[in-house]
Amino acid sequence: MSLVTAAVASMPLPAAAQGTSGDKEEPEFIWPVAGQEAGDSILFKPQQYLDGRLNFADLYIAAPYGTPVLAPADGVFYHPCVSVRWQEQGMMSFGTDEDKTWNEQIASVVEGGNYDVPDNYVSMTVGIKLADGRKVYISGLNGDMVIRDGEKISKGDTLGYVAYWEPAIDRPHIEVSVSNKDTTPGDSMTPFGLETTFVPAGDIVIPDSLTVEQAREDFRALMDVLEAEYPPLYDVISPQELAEYDSLTVYRDLASPVSYKDFYLLVQRTTSVIHDSHLLVMTPYDFSSDNLMVPNLLPGKIGDSLIVTRVQAGKGLEKYVGRRIVSIDGRPAQDIIDYVRRYMVGRYDGLNESYPDLRMSEVWNYFYGYEAYYEGKRESVLEFSDGEVYRDEWVPPRRAASVYPMPNIDMARYSHLFRYRDLPYSFEMLNDSTLYFGLSSFQLTKVQRDALRDSIAGYVDVPYMIMDLRDNPGGDAYFLSEMLTWFINRPTVPLGGYSHVKTRGPLMHSWNYAPDQIVFPEYVEVEGKPGYYLIPDDAGVLYPDSTLNYRGRLYILTDETSCSAATIFPSVLVRNRRAVTVGRETMSGYHYLTAMKYNEVRLPNSKIILHVPLVMEVFDEAVTPRTPAGRGLMPDYPVPATYEEYFTATEDFILNRALELIAQGQYLGQDWFAELDAGPDARGGMRILYAAAAVILLAGAVLALFRRRR
């Protein structure tokens, strides 16, 4: 690993970022590195490229290892933690024990090994909350002090000692950043009395409108990036469909000057058509106004029908709940459903159906559109299947304080979450032979992992286990791998996984990579296949843990809230004939995920920023009736979603179905993979997808273009 020098990595700064001259006031902060003057040993400033990534707001300062680091201002400690740099510009933090020194806590994290940087880059991050609400963060520290959240700290006090933080820098250093009171990234230079290179995001001029030429240029830039850089584009939309959509959009919708809001919605609809939970519009837009109105009858999709799911309470409208709607404002219900499904913004991938079904059941305004809700629609006309027509006069939100039926903690949909109030997992013997094991996350501390292992060791001989992975966002890739070894009963099948990118670089319209950077130099061409590939050298086969291995039948509960590692875990077990799944399709895809690296695309005229995934992590290419193309992991035993489950039920239908299967002796069915596994071409690569699992859990942190821990 070599040091990326500022001279090589920096790019010309915009005029607004060159700093100002004149009389200097007394600096607000003192320089954080003992023995240095303000401005000494800066490696990177805001608006310079670090390892090809744009450093938006932070200072990187070099100093000899072990140099004391001082509090730059008075304040109180704010969420200190052991941390590591994670991918692009994210941070992975670990649970802290405030009774132990930082070095003891760092050592504990290193012992766990659940990160993907060299051990010496595991360090501490300290936040200091100032009296005016700003926060100063310093990363890359160690020390033998004990620091507690909320304790006072004075300017000049020792916070810790210089260690390492950014893996692309191979000399000791710290990172300093400032967060404004409103959590937006702040200027990390001016408070130290330095001429600043920081350019606030708000200084980027957003136009009120775009000319036809500007709109078409931006839209063309977006389409060019998707076609040249987004790997699974034609797995979710055909070239013909994309060409038709492209043509219609450019020449119909962009035939006259367009407002920024309308162009923003066009960009959002375009990315929504290409369903990927990590293909996102990063630039926020506030659609709220003083004209907000809400209907009295709230529609939602259940099964194949559009029905009234809830009504405004206290108005005698309860009789309409459950009624099937055939049209709204004269538009057929099926047309509305099809439109919403195509353009719905949400966290799902490919051809997934379960997650959009959930969202379409509960978000009524999808069926009226942005304009209806945010621009003051006053009424709607609903026609029901029995011929009745209801003219709904909308009301201001303050007059719609509650709905019927009102969600409550007695509903099974919510009550099972309370099992995780004290720990991220729970165990319960449901009867003499059946264990319930609920896991809310794969992101556990070392202490929690050890305790979980000990708990499972006490249940290895229970004949039946129901593992609940609903409402699980995924988590630690290494723990996922470890936990799989507790349940597999033979070496896993090698599947031939690989990573795929469309281009090695440079990237187009990129805000986070240098204009001439080769982003994927290690990827190679494969004869007869488009793009570039990274194929692992080994099979990535997992072996059962010889000291802990569950022996009974395993039934895993999944649904549209099972994401990332909570998709990968049951996928590996299903693929190896070691478990069955009960419930519904998982949120994440079975065959591949997009992860690892992203192009932050800034459109040239609108300045809209998009987050475009660059790496396609392929787990298994086997398309079978059990693993249909483009879908999440499908259940062995489906439990269709119902109105009752989403809105009223106090009983857990999916759990009940698993208990029925156990009582009936139903378990593994037809082996759809037998012929594939008997072939000579099986190759492994599960490790790639394990890495992607951890990336996806932290997508919220990685996606934060401007800052990630505020």
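A word before the points: the helices here are DSSP runs of H or I with at least four residues, the strands are runs of E with at least two, and both are numbered from the N terminus. Keep in mind, too, that this is a predicted model.

1. **A patch on the surface.** Phe-418 is found in the loop between α10 and β23 (residues 425-431). With a relative accessibility of 40%, Phe-418 counts as partly exposed. Together with Ile-409 and Leu-417, Phe-418 forms a nonpolar patch on the surface, and the accessible area of these residues adds up to about 250 Å².

2. **The largest nonpolar core.** Now look inside. The largest nonpolar core has 55 residues, and the members that touch the most others are Phe-437, Phe-442, Met-467, Met-483, Phe-487 and Phe-569. Several elements supply at least two residues each, including the strands β24 (434-439) and β25 (464-468) and the helices α11 (446-457) and α12 (477-485). Which helix gives the most to this core? That is α13, with 7 residues.

3. **Phe-437 in detail.** If you leave aside its neighbours within four places in sequence, Phe-437 is in contact with Tyr-425, Ser-426 and Phe-427, among others. Its contacts also include Leu-452, Ile-456, Met-465, Ile-466, Met-467, Met-483 and Phe-487.

4. **Another core.** Apart from the largest core lies another one, made of 41 residues, among them Ile-61, Phe-94, Val-109 and Leu-194.

5. **A salt bridge within one helix.** The count of salt bridges comes to 28. One of the pairs to find is Asp-224 with Arg-220, whose closest N and O atoms are 3.2 Å apart. Both sit in helix α3 (residues 212-229), and because they are 4 residues apart there, about one helical turn separates them. As background, an α-helix has 3.6 residues a turn, so residues three or four places apart point the same way. Asp-224 is partly exposed at 29% relative accessible area, and Arg-220 is partly exposed at 31%.

6. **A salt bridge between two loops.** The side chains of Asp-329 and Lys-377 meet in a salt bridge, at 2.9 Å from N to O. Asp-329 lies in the loop between β18 and β19, and Lys-377 in the loop between α9 and β20, so the pair ties together parts that are 48 residues apart in sequence. Asp-329 is partly exposed at 41% relative accessibility, and Lys-377 is partly exposed at 21%.

7. **A buried salt bridge.** Are Asp-652 and Arg-470 buried or exposed? Both are buried. They form a salt bridge with 2.7 Å between the closest N and O atoms. This pair links distant parts of the chain, 182 residues apart: Asp-652 is in the loop between α14 and α15, and Arg-470 is in the loop between β25 and α12. Elsewhere in your search, look for Glu-28, Asp-132 and Arg-134, which are joined into one network by salt bridges that share partners.

8. **Helix α8 and its neighbours.** Which residues of helix α8 (residues 354-362) are buried? They are Ser-354, Tyr-355, Pro-356, Leu-358, Met-360 and Ser-361. These buried residues pack against the strands β16 and β17 and the helices α7, α10 and α14.

9. **A glycine in helix α9.** Gly-369 lies in helix α9 and is partly exposed, with a relative accessible area of 24%. Its C-alpha atom is separated by 10.0 Å from that of Ile-336, which is 33 residues apart from Gly-369 along the chain.

Terms used. Residues are numbered from 1 along each chain as its sequence is written. This is a predicted model: local features need pLDDT of at least 70, side-chain atom pairs count only at pLDDT 80 or more; totals for chains, interfaces and linings use all residues. Side-chain values use heavy atoms; hydrogens and water are left out. A nonpolar core is a set of buried Ala, Val, Leu, Ile, Met, Phe, Trp, Tyr and Cys residues joined through side-chain atoms within 4.5 Å. Buried means under 20% relative accessible area, exposed over 50%, partly exposed in between (1.4 Å probe, protein chains only). Contact means heavy atoms within 4.5 Å. A salt bridge is a side-chain nitrogen of Lys or Arg within 4 Å of a carboxyl oxygen of Asp or Glu. Patches are made of residues with over 30% relative accessible area and no salt bridge: like charges are joined within 9 Å, nonpolar side chains (Val, Leu, Ile, Met, Phe, Trp, Tyr) within 5 Å. Accessible areas come from the Shrake-Rupley method with a 1.4 Å probe; for residues, only the protein chains shown count as cover.
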